[in-house]
Amino acid sequence: MWPIIMALLRRNAVYITLPFAAVVGFIGYNLEGLISDKYTPYSKSIEDIRAERLTQDLGETNQVDKLRRLKEENVLERNLSPSLQKKI
């Protein structure tokens, strides 16, 4: 008798495990909903925080002498080899 039952279970394993998994998943989902706290506090997005930081930094960068000097120079003049630099 047992070999016949085991053969039927083996042949129809997909049809047996799917409803069993669905019942276990449904119970677990609802149990987690009852136990856990669903409240998530609001926090600003990373993009908003970065934008605020950059706007604050822009106001502070005008005070730095090195950055003023770099703005006045041409990009190609920053890293010139000694042979190409102008002699003043």
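Here is a short tour of the structure above, stop by stop.

**Stop 1: the whole chain.** Start with everything selected, and keep in mind that this is a predicted model. Show it as a cartoon and you'll find four helices and zero strands. Walking along the sequence, the pattern reads α-α-α-α.

**Stop 2: colour by confidence.** Now colour by pLDDT. The average for the chain is 79, and 72% of the residues reach at least 70. Which element has the lowest mean pLDDT, and which the highest? Select residues 65-72 to see helix H4, at the bottom with a mean of 56. Then jump to H2, which has the highest mean, 92. Select residues 13-35 to get H2 on screen.

**Stop 3: the surface.** Switch on the surface for the whole chain. About 9,100 Å² is exposed, and carbon and sulfur atoms supply 64% of that area. What share of the 88 residues is buried? The answer is 0%.

**Stop 4: a nonpolar patch.** Keep the surface on and select Met6, Leu9 and Ile16. Together they make a nonpolar patch on the surface, with about 260 Å² of accessible area between them. Zoom in on Ile16, which sits in helix H2. Is Ile16 buried, partly exposed or exposed? Its relative accessible area is 42%, so Ile16 counts as partly exposed, since that label covers values between 20% and 50%.

**Stop 5: Lys44.** Next, hide the surface and select Lys44. You've landed in the loop between H2 and helix H3, the helix that spans 46-61. Lys44 has a relative accessibility of 41%, so this residue is partly exposed too. What does Lys44 touch, once neighbours within four places in sequence are left aside? Add Ile49 and Glu52 to your selection: those are its contacts.

**Stop 6: the salt bridge.** Stay where you are and show the side chains of Lys44 and Glu52 as sticks. They meet in a salt bridge, with 2.7 Å from N to O. The pair also shows up as a polar contact between the two side chains, at 2.7 Å. Now look at how covered each partner is. Glu52 has 38% relative accessibility, so Glu52 is partly exposed. Lys44, at 41%, is partly exposed as well. How many salt bridges does the count come to? Just one, and the Glu52 and Lys44 pair is on your screen right now.

Methods: Residues numbered from 1 in each chain as written. Predicted model: local features only at pLDDT ≥ 70, side-chain atom pairs only at ≥ 80, totals over all residues. Heavy atoms only, no water. Patch = residues over 30% accessible without salt bridge, like charges linked within 9 Å, V, L, I, M, F, W, Y side chains within 5 Å. Areas by Shrake-Rupley, 256 points an atom, 1.4 Å probe, with all protein chains shown as cover. Salt bridge = Lys/Arg side-chain N within 4 Å of Asp/Glu carboxyl O. Helix = DSSP H or I, 4+ residues; strand = E, 2+ residues; numbered from the N terminus. Buried < 20%, exposed > 50% of the residue type's maximum accessible area, 1.4 Å probe, protein only. pLDDT = per-residue confidence, 0-100. Contact = heavy atoms within 4.5 Å. Polar contact = N/O pair within 3.5 Å; in protein donor to acceptor, adjacent residues only side chain to side chain.
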